[in-house]
Amino acid sequence: MDNSNITILKIGGSVITDKSADDGAARMDEIERIAGEIAGFEGKLIIVHGAGSFGHPQVKRFGLTGKFDHEGSIITHMSVRKLNTMVVEALNSAGVNALPVHPMACAVSENSRIKSMFLDQIEEMLANGFVPVLHGDMVMDTEMGTSVLSGDQIVPYLAIEMKAARIGIGSAEEGVLDNNGEVIPNISNANFDKIKEYLGGSANTDVTGGMLGKVLELLNLSEGSNSTSYIFNAGNAGNVSGFLNGNNIGTAISGAGTRSI
Ligand SMILES: Nc1ncnc2c1ncn2[C@@H]1O[C@H](COP(=O)(O)OP(=O)(O)OP(=O)(O)O)[C@@H](O)[C@H]1O
Ligand SMILES: [Mg+2]
């Protein structure tokens, strides 16, 4: 199949949930607004959404980044599924032919990194006009039993495997910010060492590294694929549709340059 025009969009859990809550709290108004912005897009699209308060607090409560736990894995998976159902239903109500794809049912990790993922159904969905909607999830792990799979890791994995043309990560800040709160326009290996001191975790509970984790995943992607990805604020009305329509907003992460030592 011709994958040259696939767009991958991540919608941060920081936007579609209240991340300061200690159990799943959805922001339905934001989910519906974003679904409406996506509805105008006609190209091939894969959506990945974050877990927000439907996943991070549960992982923390059961200590799932460090140990295996049946109950915690099940509770966390069922919770992120609930958020996924809300997102998929809102997309369908807005006129998007969205279908859920749960990583627990199609991906296996090894020490918290994706080892394999069954992609055939995603390819067929795209070929037939559906929009697959994946999410941060608990997945089976060959070394750990189960492990957390971040949406921020799913995006670059799919971008490489599906040869996506355009990659955007919508979160709750205007982009990656420097110490003055200004958006850093470009990040590559050439300037990463200079700007990494500005990168932190999340202001709220985030078990997958917050902004630093996101930038590292995307830098990794830019090395493996030569593609550019964008971190922008999906909380601002018009940014998701703007990105989908080809506007390059927020911070661009690209493979230009080599890492200074
Ligand atoms: N330099 C920085 N620039 C911007 N945000 C930063 C920076 N350093 C740390 N952050 C924090 O990272 C947060 C974004 O990461 P976070 O993981 O909370 O959101 P998300 O990935 O959208 O949510 P989820 O993981 O649920 O999908 C910001 O809200 C901010 O608190
Ligand atoms: Mg996060």
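A residue is taken as buried when its relative accessible area is under 20%. By that cut-off Asp152, at 4% relative accessibility, is buried in this predicted model. Its salt-bridge partner, Lys214, has a relative accessibility of 7%, so Lys214 is buried too. The two side chains form a salt bridge in which the closest N and O atoms are 3.1 Å apart. This pair ties together distant parts of the chain, with Lys214 in helix H8 (residues 210-225) and Asp152 in helix H6 (residues 151-161), 62 residues apart. The pairing also belongs to a wider arrangement, a network of salt bridges that links Lys10, Asp152 and Lys214.

A search of the whole structure finds seven salt bridges, and helix H2 offers a pleasing local counterpart to the long-range pair. Here Arg33 takes part in a salt bridge with Glu30, the closest N and O atoms lying 3.0 Å apart. Arg33 and Glu30 are three residues apart in helix H2 (residues 28-39), so about one helical turn separates them. Arg33 also meets the side chain of Glu37 in a salt bridge, with an N to O distance of 2.7 Å. Glu37 and Arg33 are four residues apart in helix H2, again about one turn of the helix. Both acidic partners fall below the burial cut-off: Glu30 is buried with a relative accessible area of 17%, and Glu37 is buried at 11% relative accessibility.

Turning to the strands, the model contains an open sheet of eight strands with mixed pairing, in the order S3-S6-S2-S1-S9-S11-S12-S10. Strand S3 (98-100) and strand S10 (186-187) form its edges, each pairing on one side only. Strands of a sheet pair through backbone hydrogen bonds, in either a parallel or an antiparallel manner. Within this sheet, strand S2 (residues 44-49) and strand S6 (residues 131-135) run parallel and are joined by three bridges. One point of reference along this pairing is Val48, whose bridge partner in S6 is Leu134.

The segment after strand S12 (251-253) holds Ser254, a buried residue with a relative accessible area of 15%. Leaving aside residues up to four places away in sequence, Ser254 touches Ile187, Ser188, Asn189, Leu219, Ser222, Ser227 and Thr228.

Annotation adds a further set of positions to this picture. The unreviewed UniProt entry places the feature "binding site" at Ala51, His56 and Gly151. These residues are spread over 101 residues of sequence, yet they cluster in space, with a largest C-alpha distance of 11.8 Å. The lining of the largest pocket includes Ala51, His56 and Gly151.

Two of these annotated positions may be followed in more detail. Ala51 sits in the loop between S2 and helix H3 (56-62), and His56 is found in helix H3. Ala51 is buried at 11% relative accessibility, and His56 is buried at 8%. Beyond residues up to four places away in sequence, the contacts of Ala51 are Gly13, Thr17, His56, Val80 and Leu83. Counted in the same way, His56 touches Lys19, Ala51, Thr205, Asp206, Val207 and Thr208. Ala51 and His56 are thus in contact with each other.

Technical notes
Residues are numbered from 1 along each chain as its sequence is written. Chains are lettered from A and ligands numbered from 1 in the order in which they are written. This is a predicted model: local features need pLDDT of at least 70, side-chain atom pairs count only at pLDDT 80 or more; totals for chains, interfaces and linings use all residues. Side-chain values use heavy atoms; hydrogens and water are left out. Two strands pair if DSSP finds at least two bridges between them. Helices (H or I, at least four residues) and strands (E, at least two) are DSSP runs, numbered from the N terminus. A salt bridge is a side-chain nitrogen of Lys or Arg within 4 Å of a carboxyl oxygen of Asp or Glu. Buried means under 20% relative accessible area, exposed over 50%, partly exposed in between (1.4 Å probe, protein chains only). Contact means heavy atoms within 4.5 Å. UniProt positions are given in the numbering used here, feature names are shortened, and annotations may be inferred rather than shown by experiment. On a 1 Å grid over the protein atoms alone, a cavity is a set of points where a 1.4 Å probe fits but cannot get out, and a pocket is an open set with protein on both sides within 12 Å along at least five of seven lines; lining residues have an atom within 4 Å of a point.
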